[in-house]
Amino acid sequence: MTVGAEGRLTVRSALEQMLSLFGDRLPSEVLFTTFTFSPRFFEGNVLPLCCGYKANELKGYAVSRQTLNQTLEGLQIAVFCDRSTQPEHKDRLRYGLLPVGLSAGRFHAKVILVHGRDSEDVEHLAVSVSSANLSFSGWCLNREVVGWAKASPQHAPELVRLLDWLRERADEAFGEGTREDCALRHTLEALREGTVRAALEEPDRRRNCSVLVSVPQGGDSHPSLADRVSDGRRWEDVTVYSPYWQGVREIAAAFGAPKMTLVPTVDSAGQHSFPKGSLCGAGGGQGTSIALRKRWETDRFTHAKAYVLAGGGQTRLCIGSANCTGPALLSGGWLRNVEAMLAYDNVETGPFADSLVPLSLEDIVDPEFVQTDEPGPPPLPPFEVIVVFDWDMSTFTCRYRVAPHRHPEHVRIYIGGPLERALDKDHWEAPLSIQTEARRWVGSFTVCYTEGGEEMSYRGHILQVNGSDLDLGYVARPVLDRLIDELRSLGTWDKAELARRNQSEEHLVFSPEGDMEDGELEDFDFFAMYQAFHNLRAHLAENPTLNCFSQYGVHSLQRILNAVTLESSQTPRARIRRYMVLLELQRLAASRPRSDERTAFLQALEGDISELRRDIQELLVSSTSLHAALKSQRYSRGAARAFERWFLKEAGKDG
Amino acid sequence: MNATPSRAETPWFTDRDQLLSMVGSVRDPMGRQGVWRSGIGRALVPRLASGVTRLDGIIALLFIYHVVRRARQAGKGWSVSATFRLLEGCLECYLQLRDGPVYGIQALGDPASFTIRPKDGRIACNGLSQYYRGTCRRAGLITQDLLDLEEETHAWCVEAIEGQERTIVGLLESVGDVLESNASVRPLDAFLSKPPTLDLLDQFFRHSFWAPRLKEPLLGSHTHELRFAELCADIHLASPNLKASLDSIMQATSDRNETDVSIRSVVPHIERCERFICWTVWLFGWLQHCDRMRIDKATVQLEVVKDELASAALSFLVIPPDLQGTDRFRALAGVAGTIVNDFPSTVRSLVEYHSRVMAPRGLEPLMLIEAGALVVRQPEYGPYDLGQITSDVESGEWLDDYYMVAAGQIFRQIREHDK
């Protein structure tokens, strides 16, 4: 038994022990798979641990999003969870998340795979398998079971199988030729390469632990997880811990042991939930004597799943995600889950086999009559739906198909509020494309439908592709007013201050949360803007080696362009403001020496400027105040153009 | 790949993770004060903070600022926080000797044995400065950076201690001695046993001098703000609860009086705001009893109060934009919108709102939704009746005071001496 940090046995301590293999406790890639996923818990607790923080540093203050995102630039983290649990969307943190689904089964594996190098540049890969979901309940409250090991050749084939299956799901979700959020597929690829390298090593005979992964495969010829738990051997006694039970007789038959001891979970009222009917009747396993035992106090929900097999002087201990149910362990049923287990041969099983006392039938309640402490699994959605937002195209792509044997009706999808479409036919091969004007991050969609006369809804993640760090909120959003203020005070800084601001994105000029009220745009100080550009021009003249087309630094035109692009341009005033700033950017960029960067920057501006120019001329033509000022009822488009040229000429005069 | 053999770790059943599940004390988990404080709460009481209920506190703070300025002018390099701490304790002792406590009665205890250590300057021991300086800044009595008196206030202070120049110089010397020695002192022995110092303070703390000067800065310069403070003094302080108080204010004011109209245009919105705030806060309390309950089941249970809750939410949504204040108000309006338009999402909306309130404080939410069920980090046990919430809301025993106690108390003290 390994005692974790703080002297506690927790899921966290398994992760901390794995992270301690790496230099500065910082690995290069981490994969988490889980059934239920709680982003708020993960982002506030687990993600900082992966970024080198210690748990006791997390209490009392929050690690800022910006700090985490900076660390995550050098660390790839991917999370796969089950889509039927409808997790909340993630925050703007630099980690990949893909909810995956099975039309008939659950993605139920709880694996952590950590890869990287230690301080002496030696490569390590460690794997943890547990029963714990990546949630507050799983990591903090429940009684779970967890184990971990440094990966070795005997682990590799199973891990590769899991990674390949996840890669297929990622390819299916994101498609080819796209850059998905946080390079999730690259993370999988790096982990796969690390796993394959582990497989090339000499097997370590002293190691007695293997990984069992169960993923859907075509046909029924593959061994079931029950077969692999029993390892094809004949056992005399099998002890099973599980919170959920189903098909117990069939499972007993699969194990083939003459004796089975079952340890159900107890609820806070002292009642053990177990389907009593499964102890008798048909269904195989008649040759097995089944006894029920209890072990746990009523203080916490026990979510652990463990299988202790003994016979012929040998033992085998399997722990992990698989409940004692048909979908988890057997291969013949309609439902088949993705599960993962760790199997230990000939280890000390005392802690798992001792302390069991007989359980009387009076203490057992059938699950359908008991309110369990743990909510049961949510219903499987009757369809598969994937929504991807492509930042390059400003387009939502929706793929949709109905699951076999399911009949949802009146299916409608809602994306970010105003976008609504009926999903009345298969859109899997020919996806539904929804163009949007708004270039903003939308995290989730909702599908409303009826099935069996009941109104239902399903909430899913919107996957992001081809987004920049700015689009996805991984770098703070620049605010134009603050950039202008910064440029206006440019002449007052000493060299050290200037160097500091040029080194990276300057946090002082960014909105902490990236939120800005549209109303704030209404008052714009044009004098300040011209003064800012005047200062910038002078600064560039004094420092001819500076590259104003770089991404960062006080002198970066791109930074100003980002800021103005991210602001609302809904009102005429806001469009005028954007137009004026873009013209100044164009003027300044055009004055710089010729280069490819200059050409690209000017091209990027041109489209927006042309479009806005048409808008502005329309505004001028329809402006009642301009009509009044010119005392003309016959104010033409040509006059509007002339007025605009005159205005820009006057406004552009320096000094 | 590292070839160093390592034994496989044997697995373990997990304990509760005490460190990650640790929850400290959390005040105002639904952020209700942020909803009303900057918007609707400031419509009629523009400057006073909730804790500012004594004119003495304001005068004491001005005295300290005056001494700090004198010390700075005399070239003393005293620590501002230590000076504040020392004089704060000294003045609280003085006020308790003369009249009663300003603030921090618990910390003060018995003035005879009360001691101050200047090195405690970083600690907000008694709270006088902490609670009163924001009001003084909004009132234009001290500068925006909280470091100095505004010039007009300084002139008032000079006028208030006219003829006491030698005493204040002596006080400055005494204060300097204590600060330089950094020793603990008993204010009663160190300062207040000297009759000239008591005389100086008696002269400075004349309410008749300060009341006319502080009236508008504290209560507001508009007629309706002063009138509302008067109503708070005469009605709110005598009312059993906020609802009764607001009803009485509506009865006491008239549609025909221009000043009253300004008040009557805000008061019903205070009721709308507070009624919905109470619903959300008490529903959150109810949810803390629903650990592990599926949110669809919790929603079904909420059906019994759906009509009352939706009515309160709808009423909240009609509060006009100029009374809405901060983003927090708009976030709560989002919850109200969900209740009205998408009732099945009510529980999710409340939990998400709570999460948004906690995030800027660097705290994790007290409640999460995991796999469609509530996970409460600090569950409450025992019965909690939703019907009770309805009757509690209707009782008018609400949670907030919209600065009305402060306005009423300060108005009473000013009225007494502003004649």
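## A walk through chain B

In this predicted model, chain B is built from 21 helices and 3 strands. Its C-alpha trace extends about 85 × 75 × 40 Å along the principal axes, and of its 419 residues 56% count as buried. Among the contacts in chain B with a separation of 6 or more, 78% are accounted for by residues that lie 24 or more positions apart.

Turning to the surface, the accessible area of chain B comes to about 17600 Å², and carbon and sulfur atoms contribute 48% of that area. The chain carries 45 positive and 54 negative charges, and the mean positions of these two sets are 3 Å apart.

For the interior, helix H10 of chain B, which covers residues 195–204, offers an example: B:Thr197, B:Leu198, B:Leu200, B:Leu201, B:Gln203 and B:Phe204 are buried there. An α-helix has 3.6 residues a turn, so residues three or four places apart point the same way. The cover over the buried residues of H10(B) includes helix H3 (55–73) and helix H4 (80–98), together with helix H7 (151–160), helix H8 (165–181) and helix H11 (207–219), which also belong to chain B.

A helix pair elsewhere in the sequence shows how two such elements pack. Helix H16 (residues 295–302) of chain B meets helix H19 (residues 346–358) of chain B at an angle of about 110°, and their axes are 8 Å apart. Because angles of 65 to 115 degrees count as roughly perpendicular, H16(B) is described as roughly perpendicular to H19(B). On the H16(B) side the contact is made by B:Ile295, B:Ala298, B:Thr299 and B:Leu302, while H19(B) contributes B:Thr346, B:Val347 and B:Arg348.

Definitions and conventions
Residues are numbered from 1 along each chain as its sequence is written. Chains are lettered from A and ligands numbered from 1 in the order in which they are written. This is a predicted model: local features need pLDDT of at least 70, side-chain atom pairs count only at pLDDT 80 or more; totals for chains, interfaces and linings use all residues. Side-chain values use heavy atoms; hydrogens and water are left out. Helices (H or I, at least four residues) and strands (E, at least two) are DSSP runs, numbered from the N terminus. Buried means under 20% relative accessible area, exposed over 50%, partly exposed in between (1.4 Å probe, protein chains only). Contact means heavy atoms within 4.5 Å. Accessible areas come from the Shrake-Rupley method with a 1.4 Å probe; for residues, only the protein chains shown count as cover. Lys and Arg count as positive and Asp and Glu as negative; His and the chain ends are not counted. The place of a charge is taken as NZ of Lys, CZ of Arg, CG of Asp or CD of Glu. Axes are lines fitted to C-alpha atoms, for helices over the stretch in contact, and angles run from 0 to 180 degrees between N-to-C directions. Angles under 35 degrees count as roughly parallel, over 145 as roughly antiparallel, 65 to 115 as roughly perpendicular and the rest as oblique.
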